[in-house]
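Take a look at the model below. This report starts with one pair of residues and works outward from there.

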Amino acid sequence: MADRNAQEQENPEESHDGYRWSEQNCPICEIKPTKYVGKRGGASHRENQGVETEIWACGKCGLIFPNPMPYPIGGLGQHYEVDADQYFQGHDKLGKLDNAAGLVEQAEKLLGRKGRLLDVGVGRGEILIAAKERGWDVEGVEPSESFADYAEKRIGVKIWRQPVEEAEIPEAEFDVVILAAVLEHLYNPDEIMLKISRILKPGGFLYLDVPNEKGLYFRVGNVYQKMRGRKWCVNLAPTFSPFHVFGFGAKSLIAILRKHGFEPKVWTVYGGTSMVSMRGGVFGKLESVASSLITRISNLGNMGTYIETWAVKK
Ligand SMILES: [Zn+2]
């Protein structure tokens, strides 16, 4: 925090286009990014979505993020105060929310019993519903009012309505924490992982999944832009839906897990379906068959579009 204040005095932050722009170090390694990835958004977007940002990568762990980072002046509500159903229209197609029961079952196998589960970023609450139905003791974290109301009304469980790092959750309170499709949206992933590490019991499990920004889908997308003579990239979406601000690959994800006392026990890289947010965007001019072929090829190795892991807290 002291460093950040010093930096602000030396280099006053700018505000424009609805964002406050702030110099961004790699939150994991705490160093300046050294690898330029490309421009993203605004004039550097096929549909002119959002505001143009410069995307960089950490030279040490490979984490991808905008520098400077655009923070919405209106707070998170500027991005997320939308109707829950409307926001999740695209997400449903990813099939992730349909897997809630399978996820809880997997948690039970890893833990060897049922226990206390916290879902961070509950969205429409499918995971909480599935866990409650199987006899787990469940709570959720959801700072967005519309999403919190939706979940509380529908499921009737305790929802912490602050960002997880601000919620007064006792230490070693939960056996399982679920962070599904959340980490890439957060402006302070390091702080979040520290907090989760504290509220989990030793031997407890963290589930998380993120887009694999080092996957073939992104690599091919970036090459495609280059072939068209554009200095654009297809990583992240800092100023337009789905508002991904940090981009992980295997190396950066393992780095942040180990930094906070986690060891991955289950590690899956998979292609999934083509990313909905990109349909009609990046690959809009490629045949859709080419996109699905990339998805199928990338299922074969570590080049898939998503990474998911169950990590044990030591
Ligand atoms: Zn780093």
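## A strand with partners on two sides

In β13, V269 has I307 as its bridge partner. V269 lies in a pairing of two strands: β12 (residues 262–270) and β13 run antiparallel, with 8 bridges. Strands here are DSSP runs of E with at least two residues, helices are runs of H or I with at least four, and both are numbered from the N terminus. Two strands pair if DSSP finds at least two bridges between them.

β13 also pairs with β11 (residues 200–211), again antiparallel, over 7 bridges. There, P211 has Y306 of β13 as its bridge partner.

The model is predicted: local features need pLDDT of at least 70, side-chain atom pairs count only at pLDDT 80 or more, and totals for chains, interfaces and linings use all residues. Residues are numbered from 1 along each chain as its sequence is written, and side-chain values use heavy atoms, without hydrogens or water.

## How covered is β13?

β13 spans residues 306–313, and 8 of its 8 residues are buried. Buried means under 20% relative accessible area, exposed over 50%, and partly exposed in between (1.4 Å probe, protein chains only). Y306, E308, W310 and V312 point one way. I307, T309, A311 and K313 point the other way.

## Helix α4

Helix α4 covers residues 100–111. Its 12 residues should span 16 Å at 1.5 Å a residue, and the end C-alpha atoms are 17 Å apart, which agrees. The expected span is 1.5 Å times one less than the number of residues.

Which residues of α4 are buried? They are A100, L103, V104, A107, E108 and L111. These residues cover an arc of only 140 degrees around the axis, so they sit on the same side of α4. The arc is taken from the directions from the helix axis to the C-beta atoms. Their cover includes α5 (126–133), β10 (174–180), β11 and β13; contact means heavy atoms within 4.5 Å. After α4 comes G112, with a positive phi near 85 degrees.

## The zinc site

Four sulfur atoms hold the zinc ion: SG of C26, C29, C58 and C61, at 2.3 to 2.4 Å. Donors are N, O and S atoms within 2.8 Å of the metal (3.2 Å for Na, K and Ca); water is not among the atoms, so sites may look incomplete. The spacing of the donor residues is C-x2-C-x28-C-x2-C. C29 lies in the loop between β2 (19–22) and β3 (35–40), and C58 in the loop between β4 (53–57) and β5 (64–66), 29 residues apart. Both C29 and C58 are buried.
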